[in-house]
Amino acid sequence: MDEVIIVGAGPVGLMLACELALAGVRPTVLDKRPEISDLPRANGVGGQIVRMLDYRGLLERFAEGSPFAGRPPGFPFGSVPLRFAGLDDIPLRMVMIQQPRMERLLSERAAELGVEVVRGTPVRGLTQDDDGVTLDLPGRRLRAHCAVGCDGGHSLVRERLGIAFPGTTDDEVLLLGHFRTGQVTGLFEQSRVMGLEPGWNHTPHGRLLLTSLQPGVHIVGVREKGAAGPVTLAGFQAAIRRVIGADLPLGEPIWLSSTVTQARLAERYRSGRVFLAGDAAHLFPAGGSALNVGLMDAVNLGWKLAAVLTGRAPVRLLDTYETERRPVGVRTLTHTRAQAALERLTGEDGTALRDLLTEVFAFEQPARHLANLLDGSDTRSGTPSKGAGEGVPAGEPGGGAGGVVAGGAAGRGGVVGADLVGRLVPDLQLSTGDGPTRVAELMRDGRPLLLDLGGGATLDGDWIRVVRARCDDPPADTLLIRPDGQVAWTGTAGLREAAAEWLQSV
Ligand SMILES: Cc1cc2nc3c(=O)[nH]c(=O)nc-3n(C[C@H](O)[C@H](O)[C@H](O)COP(=O)(O)OP(=O)(O)OC[C@H]3O[C@@H](n4cnc5c(N)ncnc54)[C@H](O)[C@@H]3O)c2cc1C
């Protein structure tokens with residue numbers, strides 16, 4: 001019997017596989033596709049996962065050759081420009097990377113960690129009993145202690161578990177095309193002459209996106225009322241004509257796709273021995289947050305599942321996966337629905353709303369608030385003993401185990417002490433007996449970390465890594481950091497109890 005079977009080798013399934021393997025449990029990953037799809041989907045990742053990739057030593061690979069990696073100068077929030085100039089302390093980071101490359105890098109990493117990814121293997125059925133999970137594959141069955149459905153929006157795993165996926169389906173279709181041309185500026189110049197700008201353009205008949213992420217290739221998007229279906233170049237050109245009333249010099253098509261966005265959240269993230277993560281658990285209608293949330297689901301679940309399967313932590317630790325991650329899904333649905341609504345509104349009403357919000361977003365506080373929201377750092381995780389209701393938005397009373405920082409999550413760069421509990425640990429610069437280092441480097445083995453910055457704390461056991469270090473501006477004298485980078489506790493009083501809550505082995 002396998003320990004864990006992951007259904008789906010998309011980015012989330014692969015990330016989960018890496019996290020499990022790092023924590024000492026080697027999963028089997030099954031995917032129905034014979035190979036990684038070259039279909040362009042995500043153009044990048046942004047938010048907390050970028051720091052987490054650094055904490056796993058993967059950021060350099062992701063950023064290599066990327067047209068952009070770092071703190072974004074702004075973000076099109078539902079086609080309203082949001083600018084971060086002067087907000088040097090916001091946590092938001094982004095890396096432009098095409099999804100097929102991302103999946104290749106994660107597959108490579110999974111292979112380095114000894115994970116077996118079995119492609120061309122569709123899972124056709126799933127049942128569970130007291131002892132394990134049975135997966136039906138063509139001509140055979142597999143048994144595992146646990147399974148995770150990372151099988152995307154149409155998740156068979158979710159459907160077989162009978163977990164509802166309520167939400168809405170857009171009545172608009174998004175046609176996206178990648179076109180090769182030697183003259184990207186030619187398209188943009190001609191568009192300008194026609195009164196169009198790079199980014200989203202609203203017309204009374206729909207919307208047109210003009211952008212380019214690499215030299216020689218431009219991306220054109222058309223949104224109009226309709227349903228998804230096969231798309232041809234002639235159909236694409238006709239849609240452009242309907243929306244802007246003219247033709248564009250598109251160039252040679254590389255990819256054409258048609259998508260209808262949905263806003264949905266699984267009613268539960270777990271049923272017995274089976275879990276859901278990524279698009280199988282949530283679909284967001286806008287905003288480029290899907291991978292941030294999905295990959296962070298994987299990071300949250302990986303160490304917990306491994307800790308329980310290896311007997312290091314109590315089974316109830318697994319309850320915290322849903323209590324921590326579903327509220328993040330709820331929160332992300334809120335801002336991505338708002339973005340979709342802002343994008344969708346056409347006519348003078350829509351223009352007025354976007355113009356007014358452009359003025360509001362120019363103020364520091366709204367820009368900071370939205371940066372934290374997009375980052376995912378305005379929700380805090382809790383502790384297992386506190387039970388359900390964890391993951392409340394920071395800035396509200398009752399947010400996890402700590403107090404609240406005025407001004408919301410990660411406030412003005414000065415989150416300290418107990419306010420760090422339930423947040424992703426900042427990448428502190430440290431000096432140890434072995435020389436200078438930083439938190440990111442200490443997190444790479446995926447073990448819990450007790451960072452003693454002068455409190456003299458210690459914990460027994462061989463799982464938690466204890467590091468004594470100096471830090472110029474320590475946010476607390478002691479930090480207990482979970483393998484997923486979340487601060488579990490600060491200070492020495494109550495430390496042992498907190499460690500016992502999360503990490504039974506102490
Ligand atoms: C046009 C477009 C642009 C996007 N842009 C962005 C963006 O810029 N930023 C962002 O964050 N997100 C973006 N997204 C969303 C992002 O692509 C998804 O959130 C992401 O792919 C979800 O990853 P996943 O691993 O959960 O699921 P998927 O990537 O859908 O992977 C699921 C895997 O499961 C496999 N599978 C399914 N059923 C079975 C089965 N029965 N048996 C075995 N295998 C199975 C599939 O073959 C697939 O490999 C975009 C999406 C689209 C469509």
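A polar contact here is a pair of N or O atoms within 3.5 Å. Keep that cut-off in mind as we walk through this predicted model, beginning with the ligand and then moving on to the enclosed spaces inside the protein.

**Around the ligand**

By that cut-off, Asn 43 makes a polar contact, because one of its backbone N or O atoms lies 3.3 Å from an oxygen atom of the ligand. Pro 11 and Gly 288 can be read in the same way, and the table sets out the three distances.

| Residue (backbone N or O atom) | Distance to an oxygen atom of the ligand |
|---|---|
| Pro 11 | 3.4 Å |
| Asn 43 | 3.3 Å |
| Gly 288 | 3.3 Å |

How much of the ligand's accessible area does the protein cover? On its own the ligand has 990 Å² of accessible area, and the protein covers 86% of this.

The shell around the ligand holds 26 residues, and those that come nearest are Asp 31, Gln 99, Val 123, Asp 279 and Leu 291. Sorted by class, the shell has 11 nonpolar, 9 polar and 6 charged residues. Helix 1 (11-22), strand 2 (28-31) and helix 8 each bring at least two residues to this shell.

**The largest cavity**

Now for the enclosed spaces: the model has 7 cavities of 30 Å³ or more. The largest cavity contains about 170 Å³ of space. It is lined by 18 residues, with Gln 48, Arg 325, Val 328, Ser 381 and Gln 486 closest to its centre. Helix 8 (290-309) and helix 9 (319-344) are the elements that give two or more residues to this lining. By class, the lining of the largest cavity divides into 4 nonpolar, 8 polar and 6 charged residues.

Where does the largest cavity lie? Domain 1 (2-42 + 98-167 + 263-338) and domain 3 (396-502) both contribute residues to its lining, so the largest cavity lies between these two domains.

**The second largest cavity**

The second largest cavity has a volume of about 110 Å³. Among its 16 lining residues, Asn 292, Val 293, Val 328, Thr 332 and Gly 376 are the closest to its centre. Two or more lining residues come from each of helix 8, helix 9 and helix 11 (364-375). Which element gives the largest share of this lining? That is helix 9, with 5 residues. The lining of the second largest cavity is made up of 5 nonpolar, 7 polar and 4 charged residues.

Val 328 is a handy residue to find on screen: it is listed among those closest to the centre of the largest cavity, and also among those closest to the centre of the second largest cavity.

Methods. Residues are numbered from 1 along each chain as its sequence is written. This is a predicted model: local features need pLDDT of at least 70, side-chain atom pairs count only at pLDDT 80 or more; totals for chains, interfaces and linings use all residues. Side-chain values use heavy atoms; hydrogens and water are left out. On a 1 Å grid over the protein atoms alone, a cavity is a set of points where a 1.4 Å probe fits but cannot get out, and a pocket is an open set with protein on both sides within 12 Å along at least five of seven lines; lining residues have an atom within 4 Å of a point. Grid points are joined across faces, edges and corners, and a volume is the space filled by probe spheres set on the points. Helices (H or I, at least four residues) and strands (E, at least two) are DSSP runs, numbered from the N terminus. Ala, Val, Leu, Ile, Met, Phe, Trp, Tyr, Cys and Pro count as nonpolar, Asp, Glu, Lys and Arg as charged, and the others, Gly among them, as polar. Domain bounds come from an automatic or database domain assignment. A residue is near a molecule or strand if one of its heavy atoms lies within 4 Å of it. A polar contact is a pair of N or O atoms within 3.5 Å; within protein, one must be able to donate a hydrogen and the other to accept it, and residues adjacent in sequence count only if both atoms are side-chain atoms. Accessible areas come from the Shrake-Rupley method with a 1.4 Å probe; for residues, only the protein chains shown count as cover.
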